[in-house]
Amino acid sequence: MPGVEQDNGLIFRVRPSKGFKGEVRIPGDKSISHRAIMLGSIAEGVTRIENFLPGDDCISTVNCFRSMGVDIDLSGDDPLGMGVTVSGKGLSGLKEPEDVLDAGNSGTTMRLIMGILAGLPFFSTLTGDHSLRRRPMGRVARPLREMGAEIWGRQGGNLAPLAINGRQLQGAEFTLPVASAQMKSAIILAGLNATGTTTVTEPARSRDHSERMLRYFGVDIKVDGNTVSVAGPVSLKGQPVTVPGDISSAAFFMVAAAVMPDAVITMRNIGTNPSRSGIIDVLAAMGASIRVENEREVSGEPVADIVVSSSELKGVQIGGDLIPRLIDEIPVIAVAAACATGVTEIRDAAELKVKESDRLAVMAKELSRFGAAVEELPDGLRIYGGRRLRGASCHSHCDHRIAMSLSVAGLVAEGETVIDDAACASISFPGFREQFKRIVS
Ligand code: S3P
């Protein structure tokens with residue numbers, strides 16, 4: 001992409017840090033950046049986005065909508081947040097893509113776009129990279145078919161490449177087997193163009209960025225406990241959106257500050273949406289010194305500054321409704337747990353097996369290379385803290401959050417840590433290497 005330098009280093013070497021006091025810049029939120037491009041594209045009029053995350057995943061979303069005829073203009077060269085102008089076409093203005101839509105590594109891109117494409121009057125095909133082509137899409141295809149969509153793919157439509165023949169959809173009612181913002185959002189996006197009411201109930205509340213942004217774009221969306229509903233067809237009006245910093249990216253520096261000696265790290269303008277802020281609750285329960293300051297609201301999302309200092313951490317129990325509130329932070333929480341005294345048990349997190357990698361198996365394997373004692377459970381991890389970590393030669397498994405979590409482990413491990421295939425950090429955190437290097441003194 002012009003003007004943006006991607007992190008091309010394949011290997012990341014980390015040495016233990018002696019301390020850091022200062023500010024670290026955190027890039028724009030990935031989930032909100034995706035949704036701003038999507039809703040901006042299907043809205044009428046212009047959507048101007050500030051602090052858009054130009055990570056590989058969100059660029060995949062930009063390219064998919066460009067392929068459907070939407071004019072999307074990226075400006076600036078800051079890898080942590082850019083300005084974007086989306087010239088919305090309205091739902092009926094999207095055109096049939098001439099080629100396969102490529103969602104790259106991004107589950108959010110593929111699943112949410114499936115919901116949009118299901119009700120549009122054209123044929124389209126979707127694929128992704130090696131990791132995404134192994135992730136379950138049937139969980140979205142099945143409810144969309146119940147609404148009237150025609151969807152094909154490998155394994156009966158469970159695996160990409162997928163083909164979608166858009167049809168007039170009818171609203172329907174669904175109860176999801178797992179809390180998933182991607183499933184919920186795909187169904188609600190399909191509901192925008194369906195006749196009648198579409199209702200989704202989750203077993204626990206997942207991130208609600210879609211609901212908040214749809215409301216911000218003028219859609220009458222109803223939320224009652226864990227149930228969300230929308231009556232279609234509706235139209236959206238383009239809006240200015242300022243994207244908060246990504247709490248999932250801040251999490252690496254929050255844990256780093258807590259486990260490092262002599263650290264005080266400040267991160268400004270971080271999204272603190274309660275459906276995402278489980279990491280703050282867990283770090284506080286572990287005994288971390290963490291302050292949330294200057295709380296305010298930006299474009300319908302709560303935002304604050306977060307300050308974390310060196311702390312003595314202790315093990316905790318994590319499970320139940322807390323899991324969807326920190327689903328992407330579990331790899332780095334596992335690192336915090338390895339540095340804590342006592343045992344940490346993470347349960348009810350089987351969804352981690354179908355993320356960019358099997359994050360339970362991968363964290364158990366990679367953390368044990370550092371000398372940590374980790375047991376993989378069917379739905380989580382048991383981590384026996386308090387062992388001195390040793391620098392290790394480890395692998396990201398081409399999963400951005402694993403690469404960054406292992407970097408944090410390297411900060412406190414004795415000797416050098418070498419992380420192979422670490423360039424994938426740019427999926428969600430372009431410039432991670434530069435920000436991280438600052439705290440390794
Ligand atoms: C996301 C939802 C979550 C999360 C992912 C982003 C979203 O996935 O893990 O990184 O933007 O909606 P699930 O909905 O599959 O849990």
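This briefing describes the confidence, packing and ligand surroundings of the structure shown above. The model is predicted, with a mean pLDDT of 96 for the protein. Its features are grouped below under confidence, the ligand site, the nonpolar cores, helix H9 and residue Thr-47.

**Confidence**
- A pLDDT of 70 or more is reached by 98% of the residues.
- Residues 1-8 have a pLDDT below 50, and this stretch has 14 contacts in the model beyond near neighbours in sequence.
- Where pLDDT is low, the predicted coordinates should not be read in detail.

**Ligand site**
- The residues around the ligand are Ser-31, Arg-35, Thr-108, Arg-111, Ser-180, Ala-181, Gln-182, Arg-207, Ile-327, Asp-328 and Lys-355.
- The side chain of Ser-31 places an N or O atom 2.7 Å from an oxygen atom of the ligand.
- For Arg-35, the distance between an N or O atom of the side chain and an oxygen atom of the ligand is 2.6 Å.
- Ala-181 takes part through its backbone, with an N or O atom 2.9 Å from a ligand oxygen atom.
- On its own the ligand has 390 Å² of accessible area, of which the protein covers 94%.

**Nonpolar cores**
- The largest nonpolar core holds 81 residues, and Phe-253, Met-254 and Ile-439 touch the most other members.
- Helix H8 gives the most to this core, with eleven residues.
- A second, separate core contains 68 residues, among them Leu-132, Met-137, Val-140 and Leu-189.
- Apart from neighbours within four places in sequence, Met-254 is in contact with Met-267, Ile-279, Ile-280, Leu-283, Ile-290, Ile-306 and Val-308.

**Helix H9**
- Helix H9 spans residues 278-285, and its buried residues are Gly-278, Ile-279, Ile-280, Val-282 and Leu-283.
- These buried residues pack against two helices, H8 (247-259) and H10 (330-339), and against strands S16 (289-298), S17 (301-309) and S18 (317-318).
- Gly-287, just after H9, adopts a positive phi of about 100°.

**Thr-47**
- Thr-47 belongs to strand S3, which covers residues 44-52.
- With a relative accessible area of 0%, Thr-47 counts as buried because this value is under 20%.
- A polar atom of the Thr-47 side chain lies 3.2 Å from the backbone nitrogen of Gln-239.
- Outside its neighbours within four places in sequence, Thr-47 is in contact with Ala-36, Gly-40, Val-84, Thr-85, Val-86, Phe-217, Gly-238, Gln-239 and Val-241.

Notes: Residues are numbered from 1 along each chain as its sequence is written. This is a predicted model: local features need pLDDT of at least 70, side-chain atom pairs count only at pLDDT 80 or more; totals for chains, interfaces and linings use all residues. Side-chain values use heavy atoms; hydrogens and water are left out. pLDDT is the predictor's confidence in each residue, from 0 to 100. Contact means heavy atoms within 4.5 Å. Buried means under 20% relative accessible area, exposed over 50%, partly exposed in between (1.4 Å probe, protein chains only). Helices (H or I, at least four residues) and strands (E, at least two) are DSSP runs, numbered from the N terminus. A nonpolar core is a set of buried Ala, Val, Leu, Ile, Met, Phe, Trp, Tyr and Cys residues joined through side-chain atoms within 4.5 Å. A residue is near a molecule or strand if one of its heavy atoms lies within 4 Å of it. A polar contact is a pair of N or O atoms within 3.5 Å; within protein, one must be able to donate a hydrogen and the other to accept it, and residues adjacent in sequence count only if both atoms are side-chain atoms. Accessible areas come from the Shrake-Rupley method with a 1.4 Å probe; for residues, only the protein chains shown count as cover.
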